[in-house]
Structures are given as structure tokens and as C-alpha cells.
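User: Hello! I am new to this structure and would like a friendly tour. Could you take me through it one question at a time?

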Amino acid sequence: MNIINHGTWTKYDPDPYPADLPPGILFAKSDETGRDWYDALYGETPLFAADSVKITATKEADGSWRLQAANVDATKVFPLSQLLIEVIGYTGTNPQKDFGQKRFDATASTISEFPARARSASPRQIRLALNQIGLRTQVEDWVKTQDQDTQDNWNYATEFVEDNPMLVACVAAVGKTEADKAALFDLALTL
């Protein structure tokens, strides 16, 4: 597969507005070339290969791109305020299923799965689970020996994320394993 990055596209209002079009139509243009989206679709030199997959992507908080609409028919995607990529050489039958919600690395020009997000539980769930397995006192005694930031994290967190450094340190300090931590979250998420 060959991936072509067509850059980001921005909303704009043509001046003058085309007289033969009703008001309220959205217009997008390439931030890189200034080319209008409709010209890219219907102009003398189409932007895309006929059988390629056209895909829009939105930027995630971490700077990566999440693929959204994916279709062979370019009229089924609209890159307004999004990145637009094209995949040539796709041999599948359902581009939306195969590409939708995947991660696009614009630097490496690769498509991959997003890493799974670590599980999270509420402070109530964690404390109830610790009560059930008999570790709450031991954990809270360890927290009391830690710096103020760690104590504040324990006392005021709105969620506990499984890969949080404080939890990783606590698990080791109370003599438990990663498997024990996973079991704690398994239990907490049922409460």
C-alpha cells in the first residue's frame, strides 16, 4: 500500500460567492496548495486515483491522527478541518472497517492500531476492592510515608489509572505483582 498525505483542509468562503449555488454550502481548501475541495473532485485534474481509498483524520490530544471516514468514493468524505490521506493499492472490501479509528503517523506515513488505553477505576472502586482483598490499611500506611504529591494523588484523584506511576510504585512497595494489580482492577471494575 502507498499512502499519500494530502495535508489539512480548512473551511473558507469563496469571494465572490458562486452565483449558481445556494447559500449555506461548505467550502474547504487545502492549507498546502489552496486547492478547492470541489475542484479536487471535479476539476480537470482530479486529486485522487479512481480506485484509491480517501480518508479523513482528526488530530488527537497527543498529536497523532485518528482516521475517520474512509471510502473509495471521494464524494463520501469531506476533509473540513481535517487531514486528508489517500491509500493506493488497498485490496480489502470494507475501507471504513479496515481504516476507521486507526492511528496515522504522518511522519512515518504508517497506519496502525491505537495503543489500548490503560483501565481506570474510581477512588471508591479501588478502595472497596482493597478492602475486599485486605490491603487497604497496608496501602494507606505506605501512602503516609510518601511525599506530599503522592499523598495528594491518593487522597484527591478522580480516577486511578492502572499504569499510573504511583500505583506501580505502591504495588512493588507492598510486595505485590503486576498480576495482583490486574486482579485488583478486575475486582474494582465490578464494584
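Analyst: Happy to help, and one definition comes first: a residue counts as buried under 20% relative accessible area, as exposed over 50%, and as partly exposed in between. Please keep in mind that this is a predicted model.

User: With that in hand, is Gln101 buried, exposed or partly exposed?

Analyst: Gln101 sits in the loop between helix 2 (95–99) and strand 6 (103–105). Its phi is near 70 degrees, a positive value in a residue other than glycine. The relative accessibility of Gln101 is 41%, which lies between the cut-offs of 20% and 50%, so the residue counts as partly exposed.

User: And Ser81, is that residue buried or exposed?

Analyst: Ser81 belongs to the loop between strand 4 (65–71) and strand 5 (82–88). Most residues other than glycine have a negative phi. Ser81, which is not a glycine, has a positive phi of about 55 degrees. Its relative accessible area is 59%, and since the cut-off is over 50%, Ser81 is exposed.

User: Let us step back to the whole chain. What is its radius of gyration?

Analyst: The chain has seven helices and nine strands. For 191 residues the globule rule gives 16 Å, and the chain is well over that, so it is more spread out than a compact globule; its radius of gyration is 25 Å.

User: What box do the C-alpha atoms fill, and what share of the residues is buried?

Analyst: Taken along the principal axes, the box is roughly 75 × 40 × 30 Å. The accessible surface of the chain comes to about 11,100 Å², with 51% of it belonging to carbon and sulfur atoms. As for the share you asked about, buried residues make up 36% of the 191 residues.

User: Now the sheet. In what order do its seven strands lie, and which strands stand at the edges?

Analyst: The sheet is open, its pairing is antiparallel, and its strands follow the order 2-1-5-3-4-6-7. Two of them have a single partner strand each, so one side of each is left without a neighbour in the sheet; these edge strands are strand 2 and strand 7 (110–112). From one strand to the next, the twist averages 40 degrees.

User: How many bridges join strand 1 to strand 2, and how many pair strand 1 with strand 5?

Analyst: Strand 1 (residues 2–12) runs antiparallel to strand 2, and three bridges join them. Thr10 stands opposite Lys29 of strand 2. Towards strand 5, Asn5 has Ile85 as its bridge partner. The pairing of strand 1 and strand 5 is antiparallel too, and its number of bridges is six.

User: Which residue of strand 4 is the bridge partner of Lys59, and which residue of strand 6 is the partner of that one?

Analyst: Strand 3 (residues 53–59) and strand 4 pair in the antiparallel sense over five bridges, and the partner of Lys59 in strand 4 is Trp65. Strand 4 also runs antiparallel to strand 6, joined by two bridges. There the bridge partner of Trp65 is Phe104.

User: In the hairpin of strand 3 and strand 4, which residue takes a positive phi?

Analyst: This hairpin has five residues between the strands. The positive phi there is near 95 degrees, and the residue that takes it is Gly63.

User: Which peptide bond is cis, with omega near 10 degrees?

Analyst: Most peptide bonds are trans. The bond you are asking about leads to Pro16, a residue found in the loop between strand 1 and strand 2. The cis bond runs from Asp15 to Pro16.

User: Last one: is Ser30 buried or exposed, and which backbone nitrogen does its side chain reach?

Analyst: Ser30 is placed in strand 2 (residues 27–30). Leaving aside residues up to four places away in sequence, Ser30 touches His6, Thr8, Trp9 and Arg35. With a relative accessible area of 4%, against a cut-off of under 20%, Ser30 is buried. At 3.2 Å, its side chain reaches the backbone nitrogen of Glu32.

Definitions and conventions. Residues numbered from 1 in each chain as written. Predicted model: local features only at pLDDT ≥ 70, side-chain atom pairs only at ≥ 80, totals over all residues. Heavy atoms only, no water. Helix = DSSP H or I, 4+ residues; strand = E, 2+ residues; numbered from the N terminus. Buried < 20%, exposed > 50% of the residue type's maximum accessible area, 1.4 Å probe, protein only. Polar contact = N/O pair within 3.5 Å; in protein donor to acceptor, adjacent residues only side chain to side chain. Contact = heavy atoms within 4.5 Å. Pairing = 2+ DSSP bridges. Axes fitted to C-alpha atoms, helices over the stretch in contact; angles between N-to-C directions. Rg over C-alpha atoms; globule rule 2.2 N^0.38 Å. Areas by Shrake-Rupley, 256 points an atom, 1.4 Å probe, with all protein chains shown as cover.
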